[in-house]
Amino acid sequence: MYLIKTPWLLKKLYPNLIWDVNRNTRCIYLTFDDGPIPIVTPFVLNILKQYNAKATFFCIGDNVSKHPDIFEQVKNEGHAIGNHTYNHLKGWDTADDIYLDNFLKADKLLDTSLFRPPYGRAKRSQVKLLKQAKPGLEFIMWNILSADFDINVTPEQCLDNVLKNTKSGDIVLFHDSLKAKERMEYALPRALEVWSKEGYEFKCLNQNLQD
């Protein structure tokens, strides 16, 4: 069970997590989870380049170790990097010390102040522990879920999810993963075309957080 648009109550319950950003600028913040991997991540980078769009990639440390060349390409093309743990751990099912060690293992490769918990699930104790270990760490969630990870969602539905719900300041979640590939590859370029015609910009999250 998941919701396309994050409800206001959830944001109120977890005010120390970032769900959206400045609503006063005509900007959308695209994020991609679970890469980098061959074929899919380069596809995303190519589409983003076509629309002069910057995004934030929440990378799995193990994938960075396996595909360092693609990781370097993401950075070299001006996109922001976020930590997504080393092994895509689900916080609710993981002991705090193991979760912290996995985060730190990824941090050695990624060296970023942005973190997104896999599945969007982390215990309050884990949030506190990670922030103690890395002062200034920002927990980045999302306001719009494309649902590209859901094999029961059609590519057309994935596109509708983002076009019908996204507004200025929204953090939109896609995945550069094999599981999401079919839906993401359909929705991303079409959404970017529509949003570009509507006058939106696409920035890295660290650009906004540093403003």
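In this predicted model, a polar atom of the T41 side chain lies 3.0 Å from the backbone nitrogen of I37. T41 sits in helix α2, residues 40-50. The T41 side chain also makes a polar contact with the side chain of D176, at 2.8 Å. T41 has 0% relative accessibility, so it counts as buried. Beyond its neighbours within four places in sequence, T41 is in contact with G35, P36, F57, I70, V74 and D176.

Two of these contacts, G35 and P36, share a peptide bond that is cis, with omega near -5 degrees. P36 belongs to the loop between β1 (27-33) and α2. I39 is also placed in the loop between β1 and α2. Is I39 buried or exposed? I39 is exposed, because its relative accessible area is 61%, and the cut-off for exposed is over 50%.

Backbone angles of note are listed here.

| Residue or bond | Angle |
|---|---|
| G35 to P36 peptide bond | omega near -5 degrees |
| I39 | phi near 70 degrees |
| H88 | phi about 55 degrees |

I39 has its positive phi without being a glycine. H88 is likewise not a glycine; H88 is found in the loop between β3 and α5 (96-110).

F57, a contact of T41, leads to the strands. The bridge partner of F57 in β3 is I81. Strand β2 (residues 55-59) and β3 run parallel, joined by 4 bridges. Strand β3 spans residues 80-83 and is covered on both faces. A80 and G82 are buried on one side, I81 and N83 on the other.

Conventions
Residues numbered from 1 in each chain as written. Predicted model: local features only at pLDDT ≥ 70, side-chain atom pairs only at ≥ 80, totals over all residues. Heavy atoms only, no water. Buried < 20%, exposed > 50% of the residue type's maximum accessible area, 1.4 Å probe, protein only. Helix = DSSP H or I, 4+ residues; strand = E, 2+ residues; numbered from the N terminus. Pairing = 2+ DSSP bridges. Polar contact = N/O pair within 3.5 Å; in protein donor to acceptor, adjacent residues only side chain to side chain. Contact = heavy atoms within 4.5 Å.
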